[in-house]
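Here is a short report on one protein model. Have the sequence and the coordinates open as you read.

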Amino acid sequence: MKLIFLYAGRYRSLKSAGMNFDSNVRVRFDPGSGELVVSRQKRVPVGFFSSGGKGRRGVESVSVIVGDNGAGKTSVAALIGDILLKDDGKLDYVLVVEQSDGRCVYSSNREGIKTKLPRKEAKGLFSLCYLTPHFTPDR
């Protein structure tokens, strides 16, 4: 499972915060309209994440969470943990992940989310993108 995007409506110090975690995909969520747009980002140069020679990729993508004290770094980590371990239906979030089989899964307790994968960019982006009300990481 690869974390692609997290939107926090209101959680600790996070308020209406959208965070992208993948260098090849961009996600935008509009809380007013409920529109979730997934599009391809310019790819990093071929071989950028290579390790071990012969083009083997040990790393898919690199994401960092940086900020001043009180910016919400710990809140982001805590929200991800709460979503994965104890979502009681009270959390306000949208989570997008890519599972190991290539499927895009988004989870949220918000109603009326409309996904939008631009046709031109969606080809090869994900084999399938679907909503699940109860998120369980693939193993």
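The text below covers salt bridges, a sheet, one lysine and two backbone angles.

**Salt bridges**

This is a predicted model. The structure holds four salt bridges. Three of them are set out here, among them two that involve K2.

| Salt bridge | N to O distance | Places of the two residues |
|---|---|---|
| K2 and D22 | 3.0 Å | K2 in strand β1, D22 in the loop between β2 and β3 |
| E98 and K2 | 3.7 Å | E98 in strand β5, K2 in strand β1 |
| R110 and D92 | 2.7 Å | R110 in the loop between β6 and β7, D92 in strand β5 |

Start with K2 and D22, whose side chains meet at 3.0 Å, N to O. K2 sits in strand β1 and D22 in the loop between β2 and β3, so their salt bridge ties together parts that are 20 residues apart in sequence. Is D22 buried or exposed? D22 counts as buried, because its relative accessibility is 3% and the cut-off for buried is under 20%. K2 has a relative accessible area of 22%, so K2 is partly exposed.

K2 also meets the side chain of E98, at 3.7 Å from N to O. E98 belongs to strand β5 (residues 92-98) and K2 to strand β1, so this pair ties together parts that are 96 residues apart in sequence.

R110 and D92 form another salt bridge, at 2.7 Å. R110 is in the loop between β6 (104-108) and β7, while D92 is in strand β5. The two residues are 18 apart, and the pair links distant parts of the chain. R110 is partly exposed, at 24% relative accessible area. D92 is partly exposed too, at 23%. Which residues are joined into one network by shared partners? They are K2, D22 and E98.

**An open sheet**

Three strands make up an open sheet, ordered β3-β4-β7, with mixed pairing. The edges are β3 (25-30) and β7 (114-116), and each of these pairs on one side only. From one strand to the next, the twist averages 15°. How do β4 and β7 pair, and over how many bridges? Strand β4 (residues 35-40) runs in the parallel sense with β7, over three bridges. V37 stands opposite K116 in β7.

**K73 and its surroundings**

K73 is part of helix α1 (residues 73-86). Its relative accessible area is 28%, so K73 is partly exposed. What does K73 touch, once neighbours within four places in sequence are set aside? The contacts are I65, V66, G67 and D68. One of these residues, D68, also offers its backbone oxygen: the side chain of K73 reaches that atom at 3.0 Å. S13 is 60 residues away along the chain from K73, yet their C-alpha atoms are separated by 9.3 Å.

**Two positive phi angles**

R12 has a phi near 50°, a positive value in a residue other than glycine. R12 lies in the loop between β1 (2-11) and β2 (14-20). S16 is not a glycine either, and its phi is also positive, at about 50°. S16 is located in strand β2. Are these residues buried or exposed? R12 counts as exposed, because its relative accessibility is 53% and the cut-off for exposed is over 50%. S16 counts as exposed at 53%.

Notes
Residues numbered from 1 in each chain as written. Predicted model: local features only at pLDDT ≥ 70, side-chain atom pairs only at ≥ 80, totals over all residues. Heavy atoms only, no water. Pairing = 2+ DSSP bridges. Helix = DSSP H or I, 4+ residues; strand = E, 2+ residues; numbered from the N terminus. Axes fitted to C-alpha atoms, helices over the stretch in contact; angles between N-to-C directions. Buried < 20%, exposed > 50% of the residue type's maximum accessible area, 1.4 Å probe, protein only. Contact = heavy atoms within 4.5 Å. Polar contact = N/O pair within 3.5 Å; in protein donor to acceptor, adjacent residues only side chain to side chain.
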